[in-house]
Amino acid sequence: MKYYSTNGKAPIATLEKAVVKGLAEDRGLYMPERIKPLPQSFFDNIENLSFQEIAYTVAEAFFGEDVDAESLKNIVYDTLSFDVPAVKVTDNIYSLELFHGPTLAFKDVGARFMARLLQYFLKKQGKEEVNVLVATSGDTGSAVANGFLGVEGIKVFVLYPKGKVSPIQECQFTTLGKNITAIEVDGVFDDCQALVKSAFMDEEVNSHMRLTSANSINVARFLPQSFYYFYAYAQMKKRGLADKLVVCVPSGNFGNICSALFGKRMGLPVSRFIAANNANDVFFKYLATGEYSPKPSVQTIANAMDVGDPSNFARIYDLYGKSHEAICSDISGATYSDEQIADTIRQVRNSTGYVCDPHGACGFKALEMGLRQGEVGVFLETAHPAKFKDTVDKILGDSIEIPAKLAAFMKGEKQSVPMSSRFEDFKAFLMAL
């Protein structure tokens, strides 16, 4: 499979180059030249397959031409060593719980897959170490850091905005040591992302060290996220509830919903998708007006969605032939204030006993308000609510329990490198390594 850049000015790349390089030379995002539809027989029997079996079938369509079958199967099965259950919240709304992995967040799937695929290519090349640069607004940093922890030949640098991720999230990538370095940027997430992109484009930095990214700009990070949409459909089909299925995705950098749209192109029978935003409503406004106008991100209680210029919009725009009408035919939008998010967390807990995290609450609210007659909705519960314990406790007037996996991270000592938002300072740091 060959990969092209969304900006259309970079050379066509192999999967190996797209994964190891991360970003195309023209600053565009890599896209596969074609998306293979899956056979009807797969969907006819999907409810009888395991998560790993479903994921391997999807992975083979994307990566099977470039990775041998045994290695790909090992990568998929090792990545998905945990379940992603669809849990009933109300009669017509279900939560797809993506927080049963090592860092209790949806990004465990993409980060673990990418770590294993990158290691596969590095071993194949027999080359020197590679340096992973990743910007995070919360969960990406912990998922990538833990996915790559101890992986030979790979160093990881996690850039995060000072004071703008939850204390528990911060512990998950600042206490690891080994091959993981946390960089605390005096700015917002968009500043962190700009530093990463600028490093990729800087000739001096790239001649000094091999760089790649583990953000959802990397095809090996966002494509595997399509796995759990197929598994969600399988679980709902098993319940007899898949005929008019609506999936709602809390959206920040838009890698997650982008992978879902790739799944739809492969034949996934989801009726439509909803992108749920917090106050960072750039995509919501694009759907309403047809004009895409990035702006500085606004800090909210759903911090992983605090993105003012979502990278993966470029992929969605390309996937739909730059047609606003075509995009709107598959996706609608919703946007919620902190007050609405908090009200939803309280309402859902009080009426059902289910505790949403702030991001999942956006997804639930959009389904509650947007489902039509006869439709059933699945929203993505993207992280365990305890990762936002201070926020959720304050909203509920209660103390939610911290799972043992999270508590273990909080015992470590924080280690981070302070950094300004100026690229000159970040470049000097990289060049000194």
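Helices are DSSP runs of type H or I with at least four residues, numbered from the N terminus. In this predicted model, helix H6 spans residues 139-148 and is followed by Gly-150, whose phi is positive, near 80°. This briefing covers helix H6, the cavities and selected salt bridges.

**Helix H6**

- Helix H6 is mostly covered, with 10 of its 10 residues buried.
- The buried residues of H6 include Asp-139, Thr-140, Val-144, Asn-146 and Phe-148.
- H6 also contributes to a cavity wall, since H6 and helix H12 (255-265) each supply at least two residues of the lining of the largest cavity.

**Cavities**

- The structure contains 3 cavities of 30 Å³ or more.
- The largest cavity encloses about 260 Å³ of space. Among the 24 residues lining the largest cavity, Phe-106, Lys-107, Gly-252, Asn-253 and Ala-304 are the closest to its centre.
- The lining of the largest cavity comprises 8 nonpolar, 13 polar and 3 charged residues.

**Salt bridges between distant parts of the chain**

- The count of salt bridges in the model comes to 21.
- One of them pairs Asp-78 with Arg-116, with the closest N and O atoms 2.8 Å apart. This pair links distant parts of the chain, as Asp-78 belongs to helix H4 (residues 69-79) and Arg-116 to helix H5 (residues 107-125), 38 residues apart.
- Asp-78 has a relative accessibility of 41% and therefore counts as partly exposed, whereas Arg-116, at 19%, counts as buried because the cut-off for buried is under 20% relative accessible area.
- Lys-414 forms a salt bridge with Glu-170, and the closest N and O atoms of the pair are 2.9 Å apart. Lys-414 is in the loop between helix H19 (404-409) and strand E14 (417-419), while Glu-170 is in helix H7 (residues 167-174), so the salt bridge ties together parts that are 244 residues apart in sequence.
- Lys-414 is partly exposed, at a relative accessible area of 42%, and Glu-170 counts as buried, at 15% relative accessibility.

**A salt bridge within one helix, and a network**

- Asp-343 and Arg-346 form a salt bridge in which the closest N and O atoms are 2.6 Å apart.
- An α-helix has 3.6 residues a turn, so residues three or four places apart point the same way. Asp-343 and Arg-346 are 3 residues apart in helix H16 (residues 338-352), and so are separated by about one helical turn.
- Asp-343 is partly exposed, with a relative accessible area of 37%, and Arg-346 is partly exposed, with 31%.
- Arg-34, Lys-36 and Glu-65 are joined into one network by salt bridges that share partners.

Terms used:
Residues numbered from 1 in each chain as written. Predicted model: local features only at pLDDT ≥ 70, side-chain atom pairs only at ≥ 80, totals over all residues. Heavy atoms only, no water. Buried < 20%, exposed > 50% of the residue type's maximum accessible area, 1.4 Å probe, protein only. 1 Å grid on protein atoms, 1.4 Å probe; cavity = no way out; pocket = protein on both sides within 12 Å on 5 of 7 lines; lining within 4 Å. Points joined across faces, edges and corners; volume = space filled by probe spheres on them. Nonpolar A, V, L, I, M, F, W, Y, C, P; charged D, E, K, R; others polar. Salt bridge = Lys/Arg side-chain N within 4 Å of Asp/Glu carboxyl O.
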